[in-house]
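Please open the structure in your viewer and keep the sequence panel visible. The tour below proceeds from the whole chain to particular selections.

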Amino acid sequence: MPLDQRLLAEPAPQGERSAGLFDNDPQRRCRSIAQLGRPDPDFASVAGDWTCLVEFHYPNSEDVLFLQVRGRGTSQGHFRAKLNLLDARGLEPMLTQMAKALQISEPVDPVYVARLVRRAVDQGRDAEMALGFGRIRIERESGEERRYNIFIQRDTPRRAPPTPDSGFRLTQSLRQPAE
């Protein structure tokens, strides 16, 4: 059986694939994020610009995770997570859900992302780090010690300058001469 047929017949286990990563429909991506918690996300689209808002609440905790994903067309342009650690009992599931939500639209390791944010929260400081495709910025809300904003910013790939014309022209074929 060819490899492509085997891959279709035996897909990766659910935990190893990201349904939204290859999905260009922002509304479906938004629903994928919401499946991690709250069933009904708020999705709005106006003149090609779209916004997905999802809020997660945790049992036995007053902590709240708020996610905002924005984009244009099929491209995501902005990912923001807001951690409201009112009693910090929901921190672990909050970090896991935030990282998995990011994984739906970006090729990241959710355990690594959760660990980066956890370290900044534990140290009570702001942080900025490279994250494969861009940067992750973790900022405390001004005047609030238990509220953090996490921003994911893609680095725009730089275009290589055009190669200058060397003046070299291939005037004959490089194939073996026919006998």
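Begin with the whole chain in a surface representation. This is a predicted model, and the chain exposes about 12100 Å², of which carbon and sulfur atoms supply 49%. Buried residues make up 36% of the 179 residues.

Switch next to a cartoon. The chain has 4 helices and 7 strands, and from the N terminus onward the order is α-α-β-β-β-β-α-α-β-β-β. Among contacts with a separation of 6 or more, 37% join residues 24 or more positions apart.

Now colour by pLDDT. The mean for the chain is 77, and 71% of the residues reach 70 or more. Select helix 4 (residues 110-123), where confidence is highest at a mean of 91, and then helix 1 (residues 3-9), where confidence is lowest at 48. Extend the selection to residues 6-22: the pLDDT there is below 50, and the stretch has 14 contacts in the model beyond near neighbours in sequence. Where pLDDT is low, predicted coordinates should not be read in detail.

Proceed to helix 2 (residues 26-34) and show its side chains. Which residues of helix 2 are buried? They are Pro26, Arg29, Cys30, Ser32, Ile33 and Ala34. Display the surroundings as well: the cover over these buried residues includes strand 1 (42-46), strand 2 (49-57), strand 3 (64-72), strand 4 (75-84) and helix 3 (91-105).

Remain at helix 2 to examine an internal space. A search of the whole structure finds 2 cavities of 30 Å³ or more, and the second largest encloses about 40 Å³. Select Pro26, Arg29, Cys30, Ile33, Trp50, Cys52, Val69, Gln76 and Ser105 to display the lining of this second largest cavity. Helix 2 and strand 2 are the elements that each give two or more residues to that lining, with the largest share, 4 residues, coming from helix 2. By class, the lining of the second largest cavity comprises 6 nonpolar, 2 polar and 1 charged.

Finish at the largest cavity, with a volume of about 50 Å³. Select Gln76, Gly77, His78, Phe79, Glu106, Ile152, Gln153 and Arg154, which line the largest cavity. Which element supplies the largest share of this lining? Strand 4 does, with 4 residues; strand 4 and strand 7 (147-154) each supply at least two. The lining of the largest cavity divides into 2 nonpolar, 4 polar and 2 charged residues. Keep Gln76 selected: this residue lines the largest cavity and also lines the second largest cavity.

Terms used. Residues numbered from 1 in each chain as written. Predicted model: local features only at pLDDT ≥ 70, side-chain atom pairs only at ≥ 80, totals over all residues. Heavy atoms only, no water. Buried < 20%, exposed > 50% of the residue type's maximum accessible area, 1.4 Å probe, protein only. Contact = heavy atoms within 4.5 Å. Areas by Shrake-Rupley, 256 points an atom, 1.4 Å probe, with all protein chains shown as cover. pLDDT = per-residue confidence, 0-100. 1 Å grid on protein atoms, 1.4 Å probe; cavity = no way out; pocket = protein on both sides within 12 Å on 5 of 7 lines; lining within 4 Å. Points joined across faces, edges and corners; volume = space filled by probe spheres on them. Nonpolar A, V, L, I, M, F, W, Y, C, P; charged D, E, K, R; others polar.
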